[in-house]
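Trainee: Could you take me through one spot in this model in some detail? I'd like to see how a single residue fits in with what surrounds it.

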Amino acid sequence: MLSINPTMLPRLDEIEEDLLARRRRAVAEDGQGEIEGIELTLNFLRSKREQTSRFQRVGTVDLGLPHPRPPLTTL
């Protein structure tokens, strides 16, 4: 899964503003296919923003370093 760096959240806001302007234009020009594509992109963008905000609240999880197993000995 692709994660977004939280410092990029303002850029997502800019992208959303651009998409909303494109959707308004598509509505004015009756471009139904374009509107549907923009809606899908807006939904994806908003879910990524929510996911990034959720990850910020939770923080990172330290899984530790794996420990190598000792070699098996045969008798």
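Mentor: Let's start from Glu16 and work outwards to the helices around it. Keep in mind that this is a predicted model. Glu16 sits in helix α1, which covers residues 9-28. Its relative accessibility is 14%, and the cut-off for buried is under 20%, so Glu16 counts as buried. If you skip residues up to four places away in sequence, Glu16 touches Leu42, Leu45, Arg46 and Arg49.

Those partners lead us to helix α2, residues 32-58. The axes of α1 and α2 come within 10 Å and cross at roughly 160°. Anything over 145 degrees counts as roughly antiparallel, so that's how α1 and α2 run relative to each other. The crossing of α1 past α2 is left-handed. On the α1 side, the contact includes Glu16 along with Leu12, Leu19 and Arg23, while α2 brings in residues including Ile38, Leu42, Arg46 and Gln56. Sorted by class, that contact has eleven nonpolar, four polar and eight charged residues.

Now for the greasy part. The largest nonpolar core is made of six residues, namely Leu9, Leu12, Leu19, Ile38, Leu42 and Leu45. Both helices chip in, with at least two residues each from α1 and α2. Leu42 and Leu45 are on the list of residues that Glu16 touches, too. Leu19 is another one to click on: beyond its neighbours within four places in sequence, Leu19 is in contact with Ile38, Thr41, Leu42 and Leu45.

Key
Residues are numbered from 1 along each chain as its sequence is written. This is a predicted model: local features need pLDDT of at least 70, side-chain atom pairs count only at pLDDT 80 or more; totals for chains, interfaces and linings use all residues. Side-chain values use heavy atoms; hydrogens and water are left out. Helices (H or I, at least four residues) and strands (E, at least two) are DSSP runs, numbered from the N terminus. Buried means under 20% relative accessible area, exposed over 50%, partly exposed in between (1.4 Å probe, protein chains only). Contact means heavy atoms within 4.5 Å. Axes are lines fitted to C-alpha atoms, for helices over the stretch in contact, and angles run from 0 to 180 degrees between N-to-C directions. Angles under 35 degrees count as roughly parallel, over 145 as roughly antiparallel, 65 to 115 as roughly perpendicular and the rest as oblique. A crossing is left-handed if the near helix is turned anticlockwise from the far one by less than a right angle, and right-handed if clockwise. Ala, Val, Leu, Ile, Met, Phe, Trp, Tyr, Cys and Pro count as nonpolar, Asp, Glu, Lys and Arg as charged, and the others, Gly among them, as polar. A nonpolar core is a set of buried Ala, Val, Leu, Ile, Met, Phe, Trp, Tyr and Cys residues joined through side-chain atoms within 4.5 Å.
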